[in-house]
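Subject: Structure handover and notes

Dear colleague,

Please find below the structure I promised to pass on to you. My notes on it follow straight after, so that you can read them with the coordinates open.

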Protein chains: 2
Amino acid sequence: MKLNIPKPSISRICMVYHLLGELQEAGEIYASSTQIGETLGIGAHSIRKDISYLGDFGNTGARYNIAKLREHINNKLNMNKPRKACIVGLGRLGSAILNFKQFSKRGYNIVAGFDSNVNKLETLKTPIKLYPAYRISEIIRLEQIELAVLAVPSEAAQVSADRLLDGGIKGIVNFTPTIIKTERKDVFISNIDVVKEFRILSAMIDLSHHE
Amino acid sequence: MKLNIPKPSISRICMVYHLLGELQEAGEIYASSTQIGETLGIGAHSIRKDISYLGDFGNTGARYNIAKLREHINNKLNMNKPRKACIVGLGRLGSAILNFKQFSKRGYNIVAGFDSNVNKLETLKTPIKLYPAYRISEIIRLEQIELAVLAVPSEAAQVSADRLLDGGIKGIVNFTPTIIKTERKDVFISNIDVVKEFRILSAMIDLSHHE
């Protein structure tokens, strides 16, 4: 079955999936769309609409069975399919992310780290294989890596991204403030920028004062 | 003038503002909504609608004057108002963020770092003042800090957030995978989670294969 889901809905469904996991761990059995929406700061209507994109869930009452809804999302979006990922740029931020423990729990296998500084490759202590940056395309292709975190200095962002794209990467989480340019429509990029988040929060703080 | 702008629009306007700055630095004078939209992966119609929320810009042609649009956004959303911020949790990730150079350029002044480990406070080399975690509320209040980055271990997320909220924080960028619970409607929280981003990208990769 082909699903055609708008990107913001995919993003919200992933948040819902994540929250359902938390509720499940806390021993909850049911959750209403209102409750889910309030926790996530999203309207209950959006939650219901997003879930409807996944096809008929056969929900009969006002509440969702948490375990069943989670399984439904998982079946439709293949949440736990194992995927290979890499970290490009092993400065403070990149090496912090390299050591995140959540990845393997969620099915993401970090199989490579890259940096242009060879000294860094020799001194970093990690069980993950590290390579010089010029080997990015080769290793992506060889290892069939699908996902990358980009944590290089801003001026190296586009060059590094081009190497990832050459190797056939499918998704990039871009931690640099540079907007990556690509003609490819089949590669997905998420931009994460703390300064941008500060800006969004600042605008919301100011706008809420006007009310 | 009271502006009533939906949160996703605020987020997109901030992305547009950021891109305009890049285009300006690259020496560009004009940009169309199509061009902006394509670079950001957003429809041109959304771009125009988002900008219209800021009131009449008096755009007469098909293209925006980059400098003028940037100034317009800045006037309406007060993009460069200086604000105080802090980092809570000074592990690898928190201490990486503590040293980001982009903050001060954008008007964000990191005035405090917090950690529950007193050894860490003594060994970290930074010009920024560091405090033990139990002083969070006090320092937020005293320094009138508006924004915080939360980078503590997941199990400490809610406790740390409660301290921030007690101190009167207005916005939190939450790097923990824990969803922060609060009754306060005047506090804004952005959740940043690399694993969640991997999930979203994975879903988009899979869905694009179905097409």
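Which strands of chain B does helix α8 lie across, and at what angle does it run to β4(B)? In this model, which is predicted, helix α8 of chain B, made up of residues 136–143, lies across β3, β4 and β5 of that chain, and its direction is at about 160° to that of β4(B).

The sheet under that helix is an open one of six strands in chain B, with parallel pairing and the order β5-β4-β3-β6-β7-β8. Strands β5 (130–132) and β8 (188–191) of chain B each have a single partner strand and stand at the edges, so one side of each is left without a neighbour in the sheet. From one strand to the next, the twist in chain B averages 25°. Further in, strand β3 (residues 83–88) of chain B runs parallel to strand β4 (residues 108–115) of chain B, and six bridges join the two; if you want a place to look at this pairing, B:V88 has B:F114 in β4(B) as its bridge partner.

Chain A also has an open sheet of six strands, in the order β5-β4-β3-β6-β7-β8 and with parallel pairing. Its edge strands are β5 (130–132) and β8 (188–191) of chain A, each of which pairs on one side only, and the twist there averages 25° from one strand to the next. At the β8 end of the order, strand β7 (residues 171–174) of chain A is joined by four bridges to β8(A), with the two running parallel, and A:N174 stands opposite A:N191 in β8(A). Helix α8 (residues 136–143) of chain A packs on this sheet, where it touches β3 (83–88), β4 (108–115) and β5 of chain A, and its direction makes about 160° with that of β4(A).

Turning to how the chains are arranged, a turn of 180° with a shift of 0.0 Å along the axis lays chain B on chain A with an RMSD of 0.0 Å, which is the relation of a two-fold axis. The C-alpha of chain B nearest that axis belongs to B:L93, and it is 2.9 Å from the axis. The copies meet through the same surface, because 100% of the interface residues of chain B are also interface residues in chain A.

As for the contact itself, 68 residues from chain B and 68 residues from chain A take part in it. Between them the chains bury about 6,700 Å², of which 72% is on carbon and sulfur atoms. There are also 16 residue pairs in polar contact between chain B and chain A, counting pairs with both residues at pLDDT 80 or more. On the side of chain B that touches chain A, helix α10 (residues 194–210) of chain B gives the most, with 17 residues.

Finally, the charged pairs: the structure holds 18 salt bridges over all chains, and the count between chain B and chain A is six. One salt bridge joins B:K181 and A:E22, whose closest N and O atoms are 3.7 Å apart; this pair crosses between the chains, from the loop between β7 (171–174) and β8 of chain B, where B:K181 sits, to helix α1 (residues 7–25) of chain A, which holds A:E22. Another is formed by the side chains of B:E22 and A:K181, at 3.7 Å from N to O.

With best wishes

Terms used: Residues numbered from 1 in each chain as written. Chains lettered and ligands numbered in written order. Predicted model: local features only at pLDDT ≥ 70, side-chain atom pairs only at ≥ 80, totals over all residues. Heavy atoms only, no water. Least-squares fit on C-alpha atoms with pLDDT ≥ 70 in both. Contact = heavy atoms within 4.5 Å. Pairing = 2+ DSSP bridges. Axes fitted to C-alpha atoms, helices over the stretch in contact; angles between N-to-C directions. Buried area = accessible area lost by both parts, 1.4 Å probe. Salt bridge = Lys/Arg side-chain N within 4 Å of Asp/Glu carboxyl O. Polar contact = N/O pair within 3.5 Å; in protein donor to acceptor, adjacent residues only side chain to side chain.
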